[in-house]
Amino acid sequence: MSEYENAIEINGLTKRYDGFTLDGVSFTVPKGSIMGFIGQNGAGKSTTINSILGIIRPDSGEIRVFGQDSRENETVWKENISAVFDELPFHENLNAKMLDRMLRHIFKGWSSETFKGYLDRFQLPYKKKFGQFSKGMKMKLQIAAALSHGAKLLIMDEATTGLDPVVRNEILDIFLEYLQDEENTILMSSHITSDLEKIADSVTFIDKGRILLTGYKDDILASHGILKCTKADCAAIDRADYISARVTDVGAELLVTDRAACKRKYSGAVIDSATLDDIMVYYVNREKKEWS
Amino acid sequence: MDIIISNSSEAPIYEQIVSQIKAQIMSGQLAEGDALPSMRALAQSLRISVITTKRAYEELEREGFIVSQTGKGSFVKGQNRELVREEFLKQTEALLTEACEKAQIGGITIEELHELLDLIYGGE
Amino acid sequence: MKGLMLKELYITRKYRTVVLVVYLVLIMLCILVKLSAVYGNIAKLGEGGAENVSSVMYYIMVFGGAVLLFSTITDCIIPDEKSGFRVYEHTLPVSERKIVGAVYLTNLCFLGAATVIGYINLALANLVFGREFNAKYLLYILAIGCVFYAVKTVQETVTYRVRKPGVAAAVTNALFMLLYLGAGFGLANWMDSYYRSYGIELFGTDEAQRDAALEALGISDGQVMTRFFRDEVMEKVRWFGDNIWWLAPTVLLGLTAAGYFLSVKALKRRGGRC
């Protein structure tokens, strides 16, 4: 694999369906980082990821993986990636031993020792049928398989959804371990933002098929804030300074985009940190009537 | 080396890391030539983004506290007495500014302040 | 491709095992009946009775067994779709050609293996039932296998082109239904034209009129039928038998090639999900 700076580059990705359009999606995932892809159900995360993986053919736009057009030499770059989905994509009657044998002949870099190592670590049985695995076990199995052929890019579509906090925690630790090698990159889509809050390097927000925001997580969290004030004061706030406001009987809360500036401008106002959840909610509710 | 991050603190995380490492260097806990954990290892331990640790290390390097060599890692730099003194001066100044502000709000005069200073400093 | 072929094997293992068990049960039954015909109760039926039963069982063992053996030619395309493996497959470094190739190759392997076992089965049956070796049967067994293979190939191509499992099955059934209907019509027309050669219309007249007309000619309905099958149909069958050595491979290769290319194209066009 030749040198590359960004594991994934997407430019103007567009795909039209009845009732939903992925419109001009663009973002970059630098090598060695972990990108959190955040959005509601149906916002377009899966469509985007499926486009990257070639499961869906987009109408227009450019996608580059490892610096090369994703539509060329698919069987070459797919040697070095792993996809993890929210549902186990294997037949119920298969077991880990069979999977091991199968994938050995599919991936050039497959290592049975590594795979068995992960199975031991996750305490997954080698000969039990997948149909009898719990949800957590199924996810850990996918990850064990994903990490056993030297993949340089991990793409996960809602992989941690539906898992209990303890298992999610274990899995996040595995990801951090994976990232210790600078050549490895992770793209992770989720609507559970607490996971990404901690470990993501960059985040991209998507809503209704459009990208709302993309950038370094630290910057985004540092620059956004929730300004809390009285209903009366709320009217005095410049519309350009905030994304949306939630007005209640007892006051108003607004998401501001430049925390430092607002602190100076509206001195005395309470400005709290915004979480990724807050950011997503306020951006998405921009268009709702109850919010202004 | 121990680093403790507070999520509820006003200071951004990378600043917390910077000040804690600085403090440990100046107090001698971290000696010249000591190796710091890699940016990624630190990020993993603290469960934060590697971008944050990278920023922290970059700032420490800019201020002359550590030196990073690609492939080898980051090490504590020998401390120039002047620099250390300078750093302490900066911090003392900041604290005194805070003290003065409070004094002004509380209506404490500058003479009372001088007295207080003599008492506290002399007593140490 | 090996990995994918392994998958075919693993996933259809249960089904194939069941079929093989049924096959073994059948063989056992046939042998038991033969034993009974020689030593046991069936022998008591008297010379003619036992012979007939024996005869029937022989054919059941040879051809019924062959049918069962060739039923092991199957695929896991639908389980693949249902489990989501089709989508996962798209993230693997395998081309559509390999995916389809694995299915067809496995089919060929099972065709070969089942044929070999079918021949062994034939030898065993000859032994148990005391029959002479008849080379024609080798051909017939292979022919049965080819039919199964051909049907499967068509089914698989349709399933690849029509992604939804339920719809694919419906389309395949409809196709074969059309085939049967077509064959039925063809046969009916054929018989009709033969009857017309006697000056009688097969359809459009009721039985009484037909019988009367036949009587006038001095032959019975049964005789006409017999002549039809003996002269016309057997003529065609003989033609098939003589030409099968080139007819079968051509048809099979043609079907396989067409199926392969259509399947690969369908897979490429639609991707993993629509």
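## Chain A at a glance

What share of the contacts in chain A with a separation of 6 or more comes from residues 24 or more positions apart? The figure is 71%. Keep in mind that this is a predicted model.

Chain A has 292 residues, and 44% of them count as buried. Its secondary structure comes to eleven helices and 14 strands. If you drew a box around the C-alpha atoms along the principal axes, you'd need roughly 70 × 40 × 40 Å.

## Two spots to look at in chain A

Start with helix α1 of chain A, residues 45-52, which is mostly covered: eight of its eight residues are buried. Going along the helix, that list reads A:K45, A:S46, A:T47, A:T48, A:I49, A:N50, A:S51 and A:I52. Just after α1(A) you'll find A:G54, with a positive phi of about 80°.

Now for a contrasting case, A:D18. This residue is in the loop between β1 (6-17) and β2 (20-30) of chain A. Is A:D18 buried or exposed? A:D18 is exposed, because there are just 5 other C-beta atoms within 10 Å, and a residue counts as exposed at 12 or fewer. To place it relative to another residue, try A:I192: the two are 174 residues apart in sequence, and their C-alpha atoms are 27 Å apart in space.

## Who touches whom

Two pairs of chains touch, and the pair with the most contacts is A and C. Chain A brings 26 residues to that contact, and chain C brings 22. On the chain A side, the elements that give two or more residues are β6 (81-84) and α3 (96-104). The top contributor there is α3(A), with five residues. By class, the chain A side splits into 14 nonpolar, six polar and six charged residues.

Chain B also touches chain A, with ten residues of chain B in contact with eleven of chain A. On the chain B side, α2 (39-46) and α3 (50-62) each supply at least two residues. That side is made up of five nonpolar, three polar and two charged residues. Chains B and C, on the other hand, don't touch, and their nearest C-alpha atoms are 28 Å apart.

## Inside chain B

The domain assignment gives chain B two domains: domain 1 covers 13-76 and domain 2 covers 81-123. Taken over C-alpha atoms, the centres of these domains are 29 Å apart.

Chain B also has an open sheet of three strands, in the order β1-β3-β2, with antiparallel pairing. The edge strands are β1 (35-36) and β2 (66-69), each of which pairs on one side only. Strand β3 (residues 73-76) is joined to β2(B) by four bridges, and the two run antiparallel. If you want a pair of residues to find on screen, B:S68 stands opposite B:S74 in β3(B). Helix α3(B) packs on this sheet, touching β2 and β3 of chain B. The direction of α3(B) makes about 120° with that of β2(B). As a reminder, strands of a sheet pair through backbone hydrogen bonds, either parallel or antiparallel.

## Putting it together

So what does α3 of chain B touch? Within its own chain, α3(B) touches β2 and β3 of the sheet, and α3(B) also supplies at least two residues to the side of chain B that touches chain A.

Terms used
Residues numbered from 1 in each chain as written. Chains lettered and ligands numbered in written order. Predicted model: local features only at pLDDT ≥ 70, side-chain atom pairs only at ≥ 80, totals over all residues. Domains from an automatic or database assignment. Contact = placed C-beta atoms within 7 Å. Nonpolar A, V, L, I, M, F, W, Y, C, P; charged D, E, K, R; others polar. Buried ≥ 20, exposed ≤ 12 C-beta atoms within 10 Å, placed from the backbone. Pairing = 2+ DSSP bridges. Axes fitted to C-alpha atoms, helices over the stretch in contact; angles between N-to-C directions.
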